[in-house]
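Biologist: Hello! Shall we go through this structure together, one question at a time?

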Amino acid sequence: SRIHNMAPDETEAPHHPPDGFARRIEEFRKRNFGDGPSVMEFFQTRDIEVLNVQAGDRDADGVFESIRIYMEKEGRPGNYLKSGEEVAAEIKAKEEAEEAAAKEREEKRKAAEAAVKAAQQRDEEAQEVERLRLIGEHDKRAREPLGLTQREYMMKYLVPTVTEALVDICRIAPDDPVAYLANYLEEHADD
């Protein structure tokens, strides 16, 4: 609500004008590096040991090594993370679980494939049974008008033609008797 009561030119002005920066930095230096105690002195007066590292004249590795030595002077700090063996065991268990899952997926895929093949085979068998049934019905209908049994039908219509073909084969002695028989039956199919 204070901002609502301010004039528009006061709210639009920057909160930290550039000329105030120099004043604020000088104030910071007086408070932190002035006549009063420094941060290091603050901790030392309370008997808290302070590590003073001069980083300007050393490389980063040297600075980090100094800090590491200081931190480990009373022994290495406890590591509450999992040990290498525990991590390796977890990774191995995860890999084994993934392998088992992959194996299970492969078995399911093979079972589904086998089920599909079995269903296809059943369908083919059913189609074959239906085809044979239809052929049987057709044969039965073809013979019904004649009133003949299968034997009677063959004796009347098939045997004479086959007999003539076999006689011709014996008389002519062709190079390929099976092909000759097939051609003969095809030529005399309407007889």
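**Charged pairs and a charged patch**

Modeller: Happily! In this predicted model, the side chains of Arg133 and Glu130 form a salt bridge, with 2.3 Å from N to O.

Biologist: In which helix do Arg133 and Glu130 lie?

Modeller: Let's look at their spacing to begin with. Arg133 and Glu130 are three residues apart, about one turn of the helix. Both lie in helix α6.

Biologist: Is Arg133 buried, partly exposed or exposed?

Modeller: Buried means under 20% relative accessible area and exposed means over 50%, with partly exposed in between. The relative accessibility of Arg133 is 39%. This value falls between the two cut-offs, so Arg133 counts as partly exposed.

Biologist: Which residue meets Arg133 in a salt bridge at 2.2 Å, N to O?

Modeller: A general idea helps here: side chains of opposite charge can pair when their charged atoms come close. The partner lies in helix α6 as Arg133 does, four residues apart from it, about one turn of the helix. Its relative accessibility is 34%, so it counts as partly exposed. The residue is Glu137.

Biologist: Which residues do salt bridges with shared partners join into one network?

Modeller: A salt bridge here needs a side-chain nitrogen of Lys or Arg within 4 Å of a carboxyl oxygen of Asp or Glu. Where such bridges share partners, they can be followed from residue to residue. The network is made of Glu106, Arg109 and Glu113.

Biologist: How far apart, N to O, are the side chains of Glu27 and Arg23 in their salt bridge?

Modeller: Both residues lie in helix α3, which covers residues 18-33. They are four residues apart, about one turn of the helix. The cut-off for a salt bridge is within 4 Å, and this pair meets at 3.9 Å.

Biologist: Which of these two, Glu27 or Arg23, is exposed?

Modeller: Exposed means over 50% relative accessible area. Glu27 has 34% relative accessibility, so it counts as partly exposed. The one with a relative accessible area of 51% is Arg23.

Biologist: How many salt bridges does the structure hold?

Modeller: We have talked about several pairs, including Arg133 with Glu130 and Glu27 with Arg23. For the whole structure, the count is ten.

Biologist: Which residues gather in a patch of negative charge on the surface?

Modeller: Asp and Glu count as negative. One member, Glu98, lies in helix α6, residues 84-143, and is partly exposed, with a relative accessible area of 46%. The patch brings together Glu95, Glu96, Glu98 and Glu99.

Definitions and conventions
Residues numbered from 1 in each chain as written. Predicted model: local features only at pLDDT ≥ 70, side-chain atom pairs only at ≥ 80, totals over all residues. Heavy atoms only, no water. Patch = residues over 30% accessible without salt bridge, like charges linked within 9 Å, V, L, I, M, F, W, Y side chains within 5 Å. Areas by Shrake-Rupley, 256 points an atom, 1.4 Å probe, with all protein chains shown as cover. Charge placed at Lys NZ, Arg CZ, Asp CG, Glu CD. Helix = DSSP H or I, 4+ residues; strand = E, 2+ residues; numbered from the N terminus. Buried < 20%, exposed > 50% of the residue type's maximum accessible area, 1.4 Å probe, protein only.
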